Amino acid sequence: MQKEIKSEMNDFFFAKDHLDFYHEYVNVEQMYLAGIKEVRTKLEILDDEFHHRFDHNPIHHMEWRLKSPHSVVEKMKRRNLPVDVSSIKGNIEDIAGIRVICHYIKDIYRMSDLLLRQDDIHLLKVKDYIKNPKENGYRSLHLVVEVPVYLANEKVMVPVEIQIRTIAMDFWATLEHHLRYKNNKEISDDIRNRLYECAKNITDIDYEMEDIHNEVFGHHKI
Ligand code: GTP
Ligand code: MG
């Protein structure tokens, strides 16, 4: 009997801990969502300026997401880190994520340079998987930046992960992700090689399309 009560009490405290955690986490999510809005707006403003000045939109479209609390907790456990809000803030840089899909490779670097030049953006990390593609063929430019968010009583610096890629890179990455994660079987060497070949072909096409665009429209002076 005593054991049962103890176990119920444990459940209660466990649940209460969870409730407190999620209550605090909801506020944190708002902050990350604000970070996404700030970065999106900056990129939209740059895209609009290009449209007006050159009749060219570097950005095809953007996608954004907040990492689900479940994935955040999983990631902390996987890394053997304490699952509390301050440790999450200090250790996970991809709670706020934006994917920027550009038309051409040159648009990727243009958008990234113009964003990083802004004096309220602080660069935390760059991974250039275009200059150095991953072994499987994955290409994209990854940035983690900190952007200021002004709340009622304070300014907070919010980290936002930005993945910038062309339509062609996105086509490959989306299908490869689906093939890898939505499949219970291990990917065979043959499939891995074929996916790598696809990535190589797509890279050639990306550069060829950029050449064609340069020949037809010339270079923009920014
Ligand atoms: P994470 O713990 O996954 O954030 O590892 P990391 O810090 O080494 O991140 P990295 O910058 O290498 O990749 C982060 C994100 O890029 C992933 O969550 C995916 O969205 C994307 N990504 C990285 N590698 C691949 C890949 O091989 N295929 C696809 N489809 N997406 C990838
Ligand atoms: Mg990630």
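**Entry 1: the cavity**

I started with enclosed space, and the largest cavity came out at about 40 Å³. I was working on a predicted model, so every entry here describes a prediction. My search of the whole structure turned up one cavity of 30 Å³ or more.

Which residues line the largest cavity? I noted Gly137, Arg139, Met169, Trp172, Ala199, Ile202 and Thr203. By type, this lining splits into four nonpolar residues, two polar and one charged. Helices α5 and α6 (189-217) each supply at least two of the lining residues, and α6 has the largest share, with three.

**Entry 2: the largest pocket**

Next I turned to open space. The largest pocket has a volume of about 1100 Å³. I counted 36 residues in its lining, and those closest to the centre are Arg65, Asp94, Arg99, Glu161 and Gln163.

Which elements supply at least two residues each to this lining? My list reads β1 (59-66), α2 (69-78), β2 (96-102), β3 (122-128), β4 (141-150), β5 (155-166) and α5 (167-181). Helix α5 gives the most, with seven residues. I also sorted the pocket lining by type and found ten nonpolar, nine polar and 17 charged residues.

**Entry 3: what the record says**

I looked up the UniProt entry, which is unreviewed, and it lists residues 64-187 as "domain: RelA/SpoT". In the model I checked that span and found 35% helix and 31% strand. The C-alpha atoms at its two ends lie 28 Å apart.

**Entry 4: salt bridges**

How many salt bridges does the structure hold? I found 14.

I looked first at Lys42 and Asp120, whose side chains meet in a salt bridge at 2.9 Å, N to O. Lys42 belongs to helix α1 (residues 2-54) and Asp120 to the loop between α4 (105-116) and β3, so this pair ties together parts that are 78 residues apart in sequence. Are the two partners buried or exposed? Lys42 is buried, with a relative accessible area of 14%, whereas Asp120 is partly exposed at 31%.

Then I took a pair within one helix. Arg53 forms a salt bridge with Glu49, and their closest N and O atoms are 2.8 Å apart. Both sit in helix α1, four residues apart, about one turn of the helix. I jotted a reminder here: an α-helix has 3.6 residues a turn, so residues three or four places apart point the same way. Glu49 counts as partly exposed, with a relative accessibility of 33%.

A further pair is Arg165 with Asp170, where the closest N and O atoms are 2.9 Å apart. Both of these residues are buried. I also found that Lys67, Lys75 and Asp94 are joined into one network by salt bridges that share partners. Asp94 had already come up among the residues closest to the centre of the largest pocket.

**Entry 5: the two sides of α2**

Lys75 took me to helix α2. Which of the residues of α2 are buried? They are Val72, Val73, Lys75 and Met76. I looked down the helix axis and saw these buried residues fall within an arc of 160°, so they line one face of α2. On the other side of α2, I found His70, Lys77 and Arg78 exposed.

**Entry 6: two positive phi angles**

Just after α2 comes Asn80, with a positive phi of about 55°. Asn80 lies in the loop between α2 and α3 (85-91). At 71% relative accessibility, Asn80 counts as exposed.

Asp55 also has a positive phi of about 55°, although it is not a glycine. Where does Asp55 lie? I placed it in the loop between α1 and β1. Asp55 is exposed, with a relative accessible area of 65%.

**Entry 7: a long-range neighbour**

I finished with Phe21, which is found in helix α1. Phe21 is buried, with a relative accessible area of 13%. How far apart are Phe21 and Val85 in sequence and in space? I noted 64 residues in sequence and 7.2 Å in space, C-alpha to C-alpha.

How values were computed: Residues are numbered from 1 along each chain as its sequence is written. Chains are lettered from A and ligands numbered from 1 in the order in which they are written. This is a predicted model: local features need pLDDT of at least 70, side-chain atom pairs count only at pLDDT 80 or more; totals for chains, interfaces and linings use all residues. Side-chain values use heavy atoms; hydrogens and water are left out. UniProt positions are given in the numbering used here, feature names are shortened, and annotations may be inferred rather than shown by experiment. On a 1 Å grid over the protein atoms alone, a cavity is a set of points where a 1.4 Å probe fits but cannot get out, and a pocket is an open set with protein on both sides within 12 Å along at least five of seven lines; lining residues have an atom within 4 Å of a point. Grid points are joined across faces, edges and corners, and a volume is the space filled by probe spheres set on the points. Ala, Val, Leu, Ile, Met, Phe, Trp, Tyr, Cys and Pro count as nonpolar, Asp, Glu, Lys and Arg as charged, and the others, Gly among them, as polar. A salt bridge is a side-chain nitrogen of Lys or Arg within 4 Å of a carboxyl oxygen of Asp or Glu. Buried means under 20% relative accessible area, exposed over 50%, partly exposed in between (1.4 Å probe, protein chains only). The arc is that of the directions from the helix axis to the C-beta atoms.
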